Amino acid sequence: MELGSPVRAIRSTRVLRGSELQPAMVVIKDGKIHQILTDSNISGTEVLDVGDSVVMPGLVDSHVHVNEPGRTTWEGFWTATRAAAAGGVTTIVDMPLNSIPPTTTLENFQEKLREAAGKCFVDTAFWGGVIPGNERELQPMIRAGVAGFKCFMIHSGVDEFPQVTDSDLHTAMKQLQGTGTVLLFHAEREIQDATQDLRDPCQYSTFLQSRPDEMETEAIRIVTQLCLQYHVRCHIVHLSSARPLKLIQEARDAGAPITVETTHHYLSLRAEDVPAGATQFKCCPPIRSSANQEELWSALKAGDIDMVVSDHSPCTPDLKRLETGDFTEAWGGISSLQFGLPLFWTSASQRGFVLEDVVRLLSQKTAEMCRLDHIKSRLVPGFDADLVIWDPEKEFEIIEENIHHRNKLTPYLGMKLRGTVRGTVVRGKLVFWEGRFSPEPLGQHLLIHQRRNQAQL
């Protein structure tokens, strides 16, 4: 079947329907799932027969830093969305930084849409940003279709996206009340006893001690209070510490509409294993201990963590300061967009998670959070025909030649994983198949028009 062409039907002995793998044929019409047939005979239609490869909903990665416009040497829509397609990700949601300009005004959002046009191999939605003084831009950006907003409670790493104060947050919350949108928080807060002058900056333990668990706990304490006060949907991005989970659960029990994500690197990498000077492992919040990691896995199993994302945050190799190995000076961010599915499955499958859990945590919950759950993340008639075709048992090694991100530096180089993606279908079109891409980008922009309380805007 030709890449880029519409797929009329896909046959497999293992189609994931709910919690069960069944022989079935997925029939596609006008980019939507039309029927799912248990009788695999259909006349007059070309069928893509994938044998015993698993067919299931494509992933929705709601935490991706594409960095275009402005920092296209770090990444860009063309390379990021190709990497997504190669990893079975059919929808990404682009973060409002580290692009220049950031997505903090309606004008800047429109500029980003222009820059992304004709470059996306998968469907792409967009987050806006909350920064000091931009409260009057928030509702216009909601009307224009942003999925929601993100803010930082600590320095973001880039000066054009400053952190918010408590006063800024109250102001923003008042603007967002009644809109149905969501505010995402980078939840770390400076604390007085955080050690600033520590030991050897090339030792990972030095960096880890500079970002203690308490920084996350104190920030999340504030978020839960705001969420309960204003009843605006709130979301904690990239939770690395398990300690604040009790605060989040207490807020939920009190009626707070709050959700939380963790990332593949917190579930796959451990502080004890980071070599000296290996700054490709640096991210903020930091990778923590193996004991903390097991607590995160337990929270996922219990439903206390809602979803898992990549937090794909690349940069150019020089910014990682590999020549000095100084963790305190290196850029904090990990590239992993292409490898989220096998990273998660390699560990999750050993902990009793099943494919239904993969879809729930990496697709359905992320789609729900950014209001795409009415068209994405489900293999049922009427939904977009966004599918990943993959072999969960097949192992592979991450090598530089097979990485489709613009910059190949990642802590996962050389890692052996379970779960090889064969193909990716976006709205019924084959965008990736066995190492090759559609000739042209076929993704669309997804503008999220709120389905509740629109009259209040």
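## Starting at Val 421

Let's begin with one residue: Val 421 counts as buried because its relative accessibility is 13%, and buried means under 20%. The model you are looking at is a predicted one. Val 421 belongs to strand β16.

Which residues does Val 421 touch, leaving aside its neighbours within four places in sequence? Its contacts are Ala 86, Gly 87, Gly 88, Leu 341, Val 388, Ile 389, Trp 390 and Phe 432. Pro 392 offers another way to place Val 421: 29 residues separate the two in sequence, and their C-alpha atoms are 8.3 Å apart in space.

## The pocket beside Val 421

Val 421 also takes part in a pocket. The second largest pocket has a volume of about 360 Å³. It is lined by 19 residues, and those closest to its centre are Ala 86, Gln 338, Thr 420, Val 421 and Phe 432. Two of these names, Ala 86 and Phe 432, may be familiar from the contacts of Val 421.

Which strands each supply at least two residues of this lining? They are β15 (387–397) and β16 (416–426). The largest share comes from β16, with 4 residues. Sorted by class, the lining holds 8 nonpolar, 6 polar and 5 charged residues.

## The largest pocket

How much space lies in the largest pocket? The volume there is about 450 Å³. Its lining is made of 23 residues, and nearest its centre lie His 155, Ser 156, Gly 157, Cys 284 and Gly 332. By class, 7 of the lining residues are nonpolar, 11 are polar and 5 are charged.

## Strands that pair up

Now for the strands. An open sheet is formed by 6 strands, which pair in parallel and follow the order β9-β10-β11-β12-β13-β14. The edges are taken by β9 (128–129) and β14 (307–309); each has a single partner strand, so one side of each is left without a neighbour in the sheet. Strand β13 (residues 258–263) runs parallel to β14, and 3 bridges join the two. Within this pairing, Thr 262 has Val 308 of β14 as its bridge partner.

Other pairings involve β5. Strand β1 (residues 9–17) and strand β5 (residues 54–57) run parallel and are joined by 2 bridges, with Val 15 opposite Val 55 in β5. Do β5 and β15 run parallel or antiparallel? They run antiparallel, with 4 bridges between them. Here Met 56 is the bridge partner of Val 388 in β15, and Val 388 is one of the residues that Val 421 contacts.

## Helix α4 and its buried side

Helix α4 covers residues 166–176, and its buried residues are Asp 168, Leu 169, Ala 172, Met 173, Gln 175 and Leu 176. Why do they share a side of α4? They cover an arc of only 155° around the axis, which puts them on the same side of the helix.

What do these buried residues pack against? Their partners are α3 (138–144), β10 (149–152), β11 (182–186), α6 (213–230) and β12 (233–236). Of these, β10, β11 and β12 are strands of the open sheet described above. Just after α4 comes Gly 178, which takes a positive phi of about 80°.

## Closed spaces inside

Finally, a look at the enclosed spaces. Rolling a probe the size of a water molecule over the atoms shows where empty space is left. The count comes to 4 cavities of 30 Å³ or more. The largest cavity holds about 80 Å³. It is lined by 13 residues, and nearest its centre are Cys 315, Lys 320, Gly 333, Ser 335 and Leu 409. Of the lining residues, 6 are nonpolar, 6 polar and 1 charged.

The second largest cavity has a volume of about 50 Å³. Its lining consists of Leu 59, Val 60, Asp 61, Val 89, His 264, Val 308, Val 309, Leu 337, Gly 340 and Leu 362. Two elements, β6 (59–64) and β14, give two or more residues to this lining, and β6 gives the most, with 3 residues. By class, the lining has 7 nonpolar, 2 polar and 1 charged. Val 308 thus appears twice in this tour: in the lining of this cavity, and as the bridge partner of Thr 262.

Methods. Residues are numbered from 1 along each chain as its sequence is written. This is a predicted model: local features need pLDDT of at least 70, side-chain atom pairs count only at pLDDT 80 or more; totals for chains, interfaces and linings use all residues. Side-chain values use heavy atoms; hydrogens and water are left out. Buried means under 20% relative accessible area, exposed over 50%, partly exposed in between (1.4 Å probe, protein chains only). The arc is that of the directions from the helix axis to the C-beta atoms. Contact means heavy atoms within 4.5 Å. On a 1 Å grid over the protein atoms alone, a cavity is a set of points where a 1.4 Å probe fits but cannot get out, and a pocket is an open set with protein on both sides within 12 Å along at least five of seven lines; lining residues have an atom within 4 Å of a point. Grid points are joined across faces, edges and corners, and a volume is the space filled by probe spheres set on the points. Ala, Val, Leu, Ile, Met, Phe, Trp, Tyr, Cys and Pro count as nonpolar, Asp, Glu, Lys and Arg as charged, and the others, Gly among them, as polar. Two strands pair if DSSP finds at least two bridges between them.
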